[in-house]
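Biologist: I'm new to this one, so could you walk me through it and tell me what sits behind each label?

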Amino acid sequence: MASRLQQLPGDDEAVLLRLSHSNLKTFSSEIRLSLQTTVESVKEKLWRKCGTSVDSMCLELYDDAGSKVSSLDDSSRPLGFYSPLDGYRLHIIDLDPSSVTSGGWLEDTSLVEKYKISDEAYDKLDGTFKKFKEKITSQNPSAFEPKITDNYMEDLCTNVKVGDRCEVEPGAKRGVIKFVGKAESLAPGFWIGVQYDEPLGKHDGMVKGTRYFECPPLHGAMVRPDKVKVGDYPERDIFEEDEI
């Protein structure tokens, strides 16, 4: 069972909470929050993690046994007013039916309507890449031959393993290594799959129909090894600026 924190005026103690979302069933994360942070500020920061707007967001607090403790109805109160404990779950409810999180397409891309064109119709179009490629190839048969070998950047993966913390450039984005190796749906050579701490990625670990790892939506990225530094890169506390 979680142990209660001392909530004293002006105290800067923090609490570690699990996160869940009403629309995103696979959304799962943990976050450390200052007890002095207002509920309004918590909502603003959570928007960065899940995409639910502040105006459409309701928060509920559940204990580590799954029982509801309270609804965080007063956005002006500090988080500590609702007596959260380490291990409690903060449940995000999105009230906007047209929200980016609704409809399930963030988790299942098969629900997104795709634009399709027949081969016959495509062949009739001018200025397509296919026709450009045919023209260049007729002039230079080796123009589109692979320039990257199958073991490209393999040496940079020697000391990289799944589970390592890392920082990715550009942007000094932090996360954890989820995949190391060749990716058949991508260019030749070695790739590293990363689950970012924040939704700074492009997918959930599935790339071009092939799943390389599991992670929350918009947290995944496949990058070249030369963009990744492995080491002691703990998750940044995005609430640090709000703490006293």
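Modeller: Let's start with Gly-163, which sits in the loop between helix 3 (129-139) and strand 6 (165-168). Helices (H or I, at least four residues) and strands (E, at least two) are DSSP runs, numbered from the N terminus. Keep in mind that this is a predicted model, where local features need pLDDT of at least 70, side-chain atom pairs count only at pLDDT 80 or more, and totals for chains, interfaces and linings use all residues. Residues are numbered from 1 along each chain as its sequence is written, and side-chain values use heavy atoms, with hydrogens and water left out.

Biologist: Why is Gly-163 called partly exposed?

Modeller: Buried means under 20% relative accessible area, exposed means over 50%, and partly exposed is in between (1.4 Å probe, protein chains only). Gly-163 has a relative accessible area of 47%, so it is partly exposed.

Biologist: Which residues is Gly-163 in contact with, leaving aside neighbours within four places in sequence?

Modeller: Those are Val-176 and Ile-177, where contact means heavy atoms within 4.5 Å. There's also a C-alpha separation of 8.8 Å between Gly-163 and Phe-179, 16 residues apart along the chain.

Biologist: How many helices and strands does the protein chain have?

Modeller: Three helices and twelve strands. Of its 244 residues, 41% are buried. Among contacts with a separation of 6 or more, 57% are between residues 24 or more positions apart.

Biologist: What makes Lys-68 and Glu-60 a salt bridge?

Modeller: The term needs a side-chain nitrogen of Lys or Arg within 4 Å of a carboxyl oxygen of Asp or Glu. Lys-68 and Glu-60 meet at 3.3 Å, N to O, so the pair fits that cut-off. Lys-68 is partly exposed at 45% relative accessibility, whereas Glu-60 is buried at 14%. A search of the whole structure turns up twelve salt bridges.

Biologist: And why do such side chains pair at all?

Modeller: Side chains of opposite charge can pair when their charged atoms come close.

Biologist: How do you know that Glu-167 is buried?

Modeller: Its relative accessibility is 8%, so Glu-167 counts as buried. Glu-167 forms a salt bridge with Arg-174, with the closest N and O atoms 3.2 Å apart. Glu-167 also forms one with Arg-236, at 3.4 Å. That second pair links distant parts of the chain: Glu-167 is in strand 6 and Arg-236 is in the segment after strand 12 (228-230), 69 residues apart. Arg-236 is partly exposed, at 41% relative accessibility.

Biologist: Which residues are linked in a network of salt bridges?

Modeller: Glu-167, Arg-174, Lys-229 and Arg-236.

Biologist: What about Asp-63: what is the nearest side chain of opposite charge?

Modeller: Arg-18, 7.2 Å away. Lys and Arg count as positive and Asp and Glu as negative, while His and the chain ends are not counted. Set 7.2 Å against the 4 Å limit, and you can see that Asp-63 is buried yet has no salt bridge.

Biologist: Where does Asp-63 lie, and what does its side chain reach?

Modeller: Asp-63 is in the loop between strand 3 (57-62) and strand 4 (68-71). Its side chain reaches the backbone nitrogen of Gly-66 at 2.9 Å. The backbone nitrogen of Ser-67 lies 2.8 Å from a polar atom of the Asp-63 side chain. Not counting residues up to four places away in sequence, Asp-63 touches Arg-18, Val-69 and Tyr-88.

Biologist: What is notable about the peptide bond between Glu-169 and Pro-170?

Modeller: That bond is cis, with omega about -5 degrees. Pro-170 is in the loop between strand 6 and strand 7 (173-182). Ala-172 lies in the loop between strand 6 and strand 7, and has a positive phi of about 50 degrees although it is not a glycine.

Biologist: Why is Ser-83 called partly exposed?

Modeller: Ser-83 has 25% relative accessibility, so it counts as partly exposed. Its phi is near 55 degrees, a positive value in a residue other than glycine.

Note on methods
A polar contact is a pair of N or O atoms within 3.5 Å; within protein, one must be able to donate a hydrogen and the other to accept it, and residues adjacent in sequence count only if both atoms are side-chain atoms.
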